[in-house]
Each structure stands twice: as C-alpha cells, then as structure tokens.
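User: Here's a model I'd like to talk through with you. Can you take me through how the chains meet and how the strands and helices are arranged?

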2 protein chains.
Amino acid sequence: MEKEENFSDWFDKVLLEASIVDGRYPVKGFTVYRGWGYRIVRGICCMLEERLEEKGHEPMLFPVVIPEETFEKEAEHIKGFASEVFWITRGGDTELPRKLLLRPTSETAIYPLFKIWIRSHADLPMKMHQTCTIYRYETKATRHLFRAREFLWNEAHTAHASEEEAERQVLEGAGIYSEMYQRLGLSYILLRRPDFDKFHGAVYSIAFDAWNPDGKANQIGTVHNLGDKFAKAFEITYENENGDQQLVYQTCYGFGVGRVLAGIIAQHGDDHGLVLPPEVAPLQVVIVPIPYKGYEESLKAYCTDLLQSLQKAGIRSTLDDSDKMRPGEKFYHWEMLGVPLRLEVGPREMERRTSTLVRRDTLKRTSVLSAELIPCIQALLNELTENLQRRSKETLEHSIREAQTLEDVRTGLDERRMVKVNWCGDENCALQIKEEIGGEIRGYRFDINEEPKGPCIVCGRKAEKIVYVSRTY
Amino acid sequence: MEKEENFSDWFDKVLLEASIVDGRYPVKGFTVYRGWGYRIVRGICCMLEERLEEKGHEPMLFPVVIPEETFEKEAEHIKGFASEVFWITRGGDTELPRKLLLRPTSETAIYPLFKIWIRSHADLPMKMHQTCTIYRYETKATRHLFRAREFLWNEAHTAHASEEEAERQVLEGAGIYSEMYQRLGLSYILLRRPDFDKFHGAVYSIAFDAWNPDGKANQIGTVHNLGDKFAKAFEITYENENGDQQLVYQTCYGFGVGRVLAGIIAQHGDDHGLVLPPEVAPLQVVIVPIPYKGYEESLKAYCTDLLQSLQKAGIRSTLDDSDKMRPGEKFYHWEMLGVPLRLEVGPREMERRTSTLVRRDTLKRTSVLSAELIPCIQALLNELTENLQRRSKETLEHSIREAQTLEDVRTGLDERRMVKVNWCGDENCALQIKEEIGGEIRGYRFDINEEPKGPCIVCGRKAEKIVYVSRTY
C-alpha cells in the first residue's frame, strides 16, 4: 500500500496493522485506542503535562457533564456550540430535572470554580490544565483521529490581572505547543484565524495547522485570547491592590492529542508503516536475534546482556526472541510499528562483539562495536528526530504555493497544497472561495508578517492580508 | 478539627484544605479534582498501570458511550445496571436515532471488540486494562470520593481458553491489587460477596473492603469471575486446537482510584491533615529554611545545594523559600498536604553541616549529617511506609469484633466496627439485618477459611458461613 498514491487507504491500514485504533466500535465517530496507539498517546500526554507543569499549570480534572444553565452563560459560546453537543436527559427511568451536556470544551465547566477560587491579585495568575476526552456531535463526515465525536485532548485555562499578561500568556501557550511539535518532528504553520472562524467566545484565536499528505489541514492545537468576555459572563473578579473589584483576563489553549498522533503517522510514516519520534516511541530499540544452528543458547545470552545494558541506560527496548516468526517477519512487524532502531545480532556479530543497527527513518544499516553501542544509539535517536524535523519541514515548504487567480487556487488544492492568496478581509469573499473551490481560508501568519502583494483574489479590492487556503476534514 | 471525634467534617476539611477535590461543582455527585489531589491519583494510576502491564495487560481506551442494544445483550447485567445509567438522547437539536448511555462499567463496550479480536487459541489469553471515568446515576446520598456519580477507576478485562485459566486469573488480579494496597499502606479484608450482591452478570465476585474511621466499608477493588456468561451473550469464541469453536471464559476487575485516595486520606490522615504514602506523594521531601538575619544568602545557597542533591537521587523534593509565610505556617501547610518528610535548615544546621528531619507520620525529629542525608531519607521513606502499613493493620484488627446476637451487631456497628456473624446463607436473613440494624452482609473471607461457630444469628438455623457485616456509604 503506497502512502503517496492513496493516503486514505494507507492511513487506515496503518491504524489497524500498527494497533493504533480500531474503527469497528459500533457508534459513529467513536474509536477504540488499542495498545500501541494508547502507549504513544500516553507518552505525548506525559511530555506535554510535564512541560505545562514546569510552566506553572496545575493539573486538574473537571467533570464531563455541564449543566445547561451554566453552559448558556456566555452568549457567543452557546451560539457556536449548541448545535453540536450531546445531551443527557435521563438517569435510569427518570427524566433529569436539569439537562446535562457532555463537555465540547470546558470553559463553562471550569469558570464557575475560577469565580470561587479567585479572590485577590495574590491568586493570579491562575493556570491549570487537564487531559480529557471531549464530545462534539459532528454532522460532517467523521475520520479516525482527524475528526471524531469523542476526542482526546489537553486543555489549559488561565486567568490574569491584566490584558497585557493575558497577551503574554497567549505567547507562552503557543511557545509550549511549538516546542512539543518540534520534539515530535511535526511541521505546521501558525495562523491567526479569521474572525468568522475564531473560537466561540474568544477575542481572537491562533491555530497550528499541520500539513497532511492529502493536502487537508490538520489543526493540532489552538490558543485563544478570551479577553474579559467569559469573566463578565461568569463574574470572575479579583480585588486589586487598591481594594477594587476588577474583571480578570483569560486565555485557553487546546492540544489535540489524537490529531497530533494522526500528524505523526501522516507526516513521518512511509510504505513500511509508522515511523515514531523517539521521545514518544513506546519502544525505542528492538533487538532481533538472527538464529543459527548450534548458536541458540549463546545468542540468547548475548542478546539478553545487550537488552539489560540498554535498559540500564534508560533506553526503552525489547528483545524479540519468539520463535513464532522468522527474522524477516519480525523486521516487517517492528517496521510497521515504527520502532526507531532495530538491532540485528547473529553469530557473526556475536563473535566480533558487534551488532547491526538499522534506522527506521532511512532503513540504513550500520555495524557498531558493542562497547560503543549505548552512546551510538543515543546519538542515532537524536539524529533520527532531527531527520524527521528536517524532512517534515522541507515537505511543508514544498507544499505551500502562491496563487493569483481562483483557478490557480484550485490547481494548488488539487495538488494537495496549501495556497497563499491576497484577501480583502470580507467574509463573503471567503465564502465564495469555499463554495466555488472547496477551500477554506485558514488565516494569516501569526509568527511572521506577510504583506499582501496584490488585490483580493476574489473581489479585486485592496487586500488586507495574505491568507492560507486549504481543504479540511 | 479532630478526626476521631467527627470523621465526616474532618474529611471534608482535608479535601478542601489539601486541594484534593472541590465539592462545589454545580451538579450533584460530580466533583472537581484539584492540583494536589490530581497529582496523587495520577501517581496511583501510574503505579497500577505499570504493574498491570508487567503482567501482560495491554493499555487501551474505549469510548464513554455504549449503544442501547449492545448494553442489553447480557440479561443480568442490564437488569442490574438499567436503573442507574445516564442516557444521551439528543445531539444538537436532533433526537438520536439510537439512544446511547454513559458507561457504568465497560463490559458491553469492550466485548463486541473481543469478539472481533479473538479468533484462535493463539489470541488467548487476552488481557487489557483502561483508566477512565465511569458514570452511575446513584440514587443514594453521594459522598465525595466514596460514592459519586462520576468516578475514576481502572478496569481490567481478560479472556481465557478454559475455566481453570480464568480462575487463576482471578487470583492474579487479586494479587496485583493486594500488592498495590500494600505499597500504599492500606489494610482491608478480602471477601467473597454473597450471591445477591455480586457483580451483575458474574459467576462470583470478590471485593476488597478497606476499613474506614466511621465504620463504613470502603470498597476499593473488586475482582469478578464472569465464567462464559458474557461470552455467550457476545458470541466470543475461539478455534481450539482441534478446530472447534469454543466459548472463552472471562474475568474483569476494577480498582477504584478515587476510593483508594479516600482510603489513604481516611486510614493514614491525622489531626494535622494528610499523611501520604511515599510512593504516591507528589513531593516526598520539603526543605524549609529557618531564616536568620545576616544568613539569608548563605542559607539559600545551602538549601539549593541540598535540593539539587535530593533531586539528583530521584527524591521528589521542593524548597519552600517563599517569604510569604513564616516557618511555622509552612510546617502547618506541608503537614496538611501530607508530605512524608520535612527538612528544616537554619544557621546552626548549616554550620554543623546537618539538617533536621521531621517525619510526617510520627512528627518525630532527627538530626542528620548532610553527608548521610540521602541514604537516611531513603531509609526513612521506607520506614514510614512500613509504619503506615503496621498502624493501619492494627486498626483493622482492632476494628473487627464477633457478635452472637443482633443486639451485639448493633453495638459493634455503633462502635464503628466490622462485625463477624454466623449466617445461614438465606437472603431474607441478610435483609432482616439490614432493615433492623442498617448493616449489610459484605460476604465471607476469600483469603482464609473461617468455620461458623454457631447457628445463624438471625434465624437460628445451621450457619454456612462466617460473614462480615458493616455499614456502607
């Protein structure tokens, strides 16, 4: 199955064969995380949580249900989400006195408690995060990991004494996410979403769009400046140093754990299967003995020694010495799972006190002296991460093109690219692109300033921004 | 606030002051895990998951929703749980074509996939686990951590080729849980539940009842032998070595993470607050400098050095050098949070190259040479765990009494004890105890054999078992 030829089938095959998720759960849009997939997402979550906590976010866990009247407090928020929430109306045989909904995101669950917790400026900034599942009654077609009705994410929520502090927090949040994606080798563009596409209830939203081989944008994270809108709705105030009650300023940001996993599969995978970034690979090295008659016992002992020294050095490793598969089948199996390095050891390696290392990203082989194995593996794992970063960044750069006409945009999208166009800022023009070509204006660059070079691609009026257009899930 | 005098108020105070959970979420039975509480439960989960995975259980994550028709497949299961499930009936503005329910436990979510995954004897045993929240529309009074409508647990599910293997798995499951409780210093009795109180759909259930200062049993874990009942309902078969299709035998077991946290607070806590078992304490050591004019800088440097050497040795530690609190207030604060060891360092300690160690369990002080600090802390952490185990076991033993009359039972329960009685095995007699005295027959010992010493305490007929009676949440 070739990734380039038919991404969609390739992706589904990898999900199944690498035990990532199982799509046969009997409810549309709900997916089962299987062992290997779950271990990877657990690794991603740990890495993110550790960093968020180093930066002062307290871990918490809020309930999955939100009462209707709390959900309705912020007008834009409810307007935006009402059509896509799941409603719980009964408990056992009884109609519930108050309807509950499954969180589509947790602002309205968390902020009533912020109101209680925040009393004075000494309580600020307040920064928390939680890893949880959220629920959206998607009416669009669902797609495993990319667009589901239940999805795993981490959300952070902060409250501050001033607008400036909230603004700085947006940058801190975006910085933490950038660092995560970097460590996972993912490349993306960071966009400020057009106003018509911002988070419901936000002042503005920025978002990380990862490239995808099929050309559809994969939104792997978002950061929102909420201003004092939710503070007003939930009456979150603090006593400032003069003794006056003042509204807080808030931010929130969400990291799509399932979509990040999708991005890892999509950006790094190849025709052999997954290629995992070493930091979140459940196993970083697999040792495969190449058996030879008469050497069974000594080979086993040699490999067991190797395994122990790897584990002692903190390298996540396993020894695949089962006799159910031939070495070639084992290679195939562990390549599919994306384990970064394979160590092949046969009688010849044993005699020479060497082993053969095979990198998953390039499939290149090197012979290494056992005495130098540990530092060599550590260096290769770093190199592998750097190679994933470099490859992925090159693909991103290659996949962006500029367009001066709607026809050019169509061609670009058909070539599975993101397309840069000049835009006047009018939602009607965005709508026209969507209706005629099926591409969406995803926003303008947040990290760099790009000046428009001509008139709006749709109406010909003065352009305000260079924006990026792509197809989406 | 004294724990012995008024357990209930003491418990609520600790939950709030130690930032364990916040009970002010505006939906009955749903609680917010705050920072310190969440860090502890995350530690408990990691410890359990690691052990389950060492024993071959694959981590997974199944959806929170179960479709009605799948839920109804096993007759006893649906009968038992139907009255306490939350129903999702709407998505946005539309009535759902099929009602969904929030998992009250995940057998009916998981077993349709077991049916797909299990093909031949080579797929067996199949062992998985997941950490997740479950939902029960409790009609009884709810109580934070002890009895909630949303609660955090880990559930394991296994399938086997034979009844004997399933039986052995029950023991493995119970063994893993016992080890966990041991490491957390919790004491409990392991009971086989009477048939009228077994898990809906099980052949039999065993359960870990932890003692609680108010005398109410705290069920912290259960292990169920499901026989082939669910296999029949979900048609889970495998091809045996003769090529015949055969039903699998199953077990499942649940570890109540929130209730284990409640048990830790209840069994180990004292009038100063929490006392945390070192293995799951988010911080194991807090360093509190005792400032003295003229020594500020040198003290800070000395404490920072200590902190670094502790962290380097893998001891979770912090330095509380804020100037917002006086040392005495800091002691109070960290004692409330249950941090196992406190290191006090003032100018005198600094000059003598020592520090003063204070154990949270006994509050005893020792002076230690800095050069011996690390091994001394490691030894003390172990001693502290052993002391919690010993104290908790003694309390358990002290809290059990035998009773020959119903009046004796009442007295025992009023004294907040578990009471051992002879029982004929008739559910009516159990009912009578419950109605007259408010105590429940929790079952007979699974780990040891206790022969009845007289007639049934209620009806005077021949007794079949010695059973334990206690009040419950």
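User: How many residues does each chain give to the contact between chain A and chain B?

Analyst: Some ground rules: this is a predicted model, where local features need pLDDT of at least 70, side-chain atom pairs count only at pLDDT 80 or more, and totals for chains, interfaces and linings use all residues. Residues are numbered from 1 along each chain as its sequence is written, while chains are lettered from A and ligands numbered from 1 in the order in which they are written. Two residues touch if their C-beta atoms, placed from the backbone, lie within 7 Å. On that basis, chain A gives 42 residues and chain B gives 42 residues.

User: Which element gives the largest share of the side of chain A that touches chain B?

Analyst: Elements here are DSSP runs numbered from the N terminus: helices are H or I with at least four residues, strands E with at least two. Those giving two or more residues include helix H2 (35–54), helix H5 (107–117) and strand S5 (86–91) of chain A. With six residues, the largest share comes from S5(A).

User: How do the residues on that side of chain A divide into nonpolar, polar and charged?

Analyst: Ala, Val, Leu, Ile, Met, Phe, Trp, Tyr, Cys and Pro count as nonpolar, Asp, Glu, Lys and Arg as charged, and the others, Gly among them, as polar. The split comes out at 25 nonpolar, seven polar and 10 charged.

User: Which residue stands opposite Phe86(A) in S5(B)?

Analyst: Strands pair if DSSP finds at least two bridges between them. S5(A) and strand S5 (residues 86–91) of chain B run antiparallel, joined by five bridges. Opposite Phe86(A) you'll find Gly91(B).

User: In chain B, what is the order of the strands in the open sheet of five?

Analyst: The pairing in this sheet is mixed. Its edge strands, each pairing on one side only, are S16 (317–319) and S19 (365–369) of chain B. Reading across, the order is S16-S15-S17-S18-S19.

User: What angle does the direction of helix H12 of chain B make with that of S18(B)?

Analyst: Axes are lines fitted to C-alpha atoms, for helices over the stretch in contact, and angles run from 0 to 180 degrees between N-to-C directions. H12 (residues 373–398) packs on the sheet, touching S15, S17, S18 and S19 of chain B. Its direction makes an angle with S18(B) of about 5°.

User: Which residue in S22(B) is the bridge partner of Arg192(B)?

Analyst: Strand S9 (residues 188–192) of chain B pairs with strand S22 (residues 440–445) of chain B in the antiparallel sense over two bridges. Arg192(B) has as its partner Tyr444(B).
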